[in-house]
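Reader: Hello! I am new to this structure and would love a close look at one part of it, taken step by step.

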Amino acid sequence: SGLYLVATPIGNLGDLSTRALEILNNCDLIACEDTRTSGKLLKHYAVKKPLVSYHEHNELHQASLLAVKIEAGSSIALISDAGTPAVSDPGFRLVRECRKRNLTVSPIPGPSAVIAALSVSGLPSDSFTYVGFLPSKSAARKRFFESINDSSRSQVVFESNHRILKFLDNFLEILGPDREICVAREITKLHENIFTG
């Protein structure tokens, strides 16, 4: 029994690890962010396990319920729509609840948008900071850029495709035209684009 945080492909379905597939096939239940999105992955690999929805809107309630199931002897795989659960995706509360109850929590590593983007960016990767999503408001984004102006570390940031142009405008305004940046989108997918300059 236990909780398994299973990393899923960030784009290309072929990136699911053998171990991840083994866990998904052998667990009692799969908790997933969106059953429709996860259903496509599971169908591709012919995994037939019961699914339960676990997302930001029901996370508080579901964390306790799932922890009780694990205490009773169930093995539960937690997956997000893409990448590693609990990293800019739901999962933190369930992990914390399991840790409080002294239950087994195991990582099943795999694809990571953060590491994939950093590895192909051409930017220094020996020391970096993962920031996640920046605030949607321009003023808050500008404050973030001001706070990293003197940093020598690479900063990895997620941004919505709907706000990327505003993000880049704020970046240029605060950090200037000589600051190096990489923008990666659709990593591992058919229309992958990576721009560094």
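Reader: In what order do the 5 strands of the open sheet lie, and is the pairing parallel or antiparallel?

Author: Happy to walk you through it! One thing to keep in mind from the start is that this is a predicted model. The open sheet has 5 strands, and reading across it gives the order E3-E2-E4-E1-E5. The pairing is parallel. At the two edges you will find strand E3, residues 51-53, and strand E5, residues 105-108, each of which pairs on one side only. Neighbouring strands in this sheet are turned against each other by 25° on average, with direction ignored. As general background, strands of a sheet pair through backbone hydrogen bonds, in either a parallel or an antiparallel way.

Now let us zoom in on the E3 edge. Strand E2 covers residues 29-32, and E2 and E3 pair in the parallel sense over 3 bridges. To find one of these contacts by eye, look for Ile30: its bridge partner in E3 is Leu51.

It also helps to step back and see the setting of this sheet. The whole chain contains 7 helices and 9 strands, and its C-alpha atoms fill a box of roughly 55 × 35 × 30 Å along the principal axes. Of the 197 residues in the chain, 39% are buried. Taking the contacts between residues at least 6 apart in sequence, 67% join residues at least 24 apart. On the outside, the chain exposes about 11200 Å², with carbon and sulfur atoms supplying 51% of that area. Finally, there are 22 positive and 21 negative side chains, and the centres of the two sets lie 6 Å apart.

How values were computed: Residues numbered from 1 in each chain as written. Predicted model: local features only at pLDDT ≥ 70, side-chain atom pairs only at ≥ 80, totals over all residues. Heavy atoms only, no water. Helix = DSSP H or I, 4+ residues; strand = E, 2+ residues; numbered from the N terminus. Buried < 20%, exposed > 50% of the residue type's maximum accessible area, 1.4 Å probe, protein only. Contact = heavy atoms within 4.5 Å. Areas by Shrake-Rupley, 256 points an atom, 1.4 Å probe, with all protein chains shown as cover. Lys, Arg positive; Asp, Glu negative; His and termini not counted. Charge placed at Lys NZ, Arg CZ, Asp CG, Glu CD. Pairing = 2+ DSSP bridges. Axes fitted to C-alpha atoms, helices over the stretch in contact; angles between N-to-C directions.
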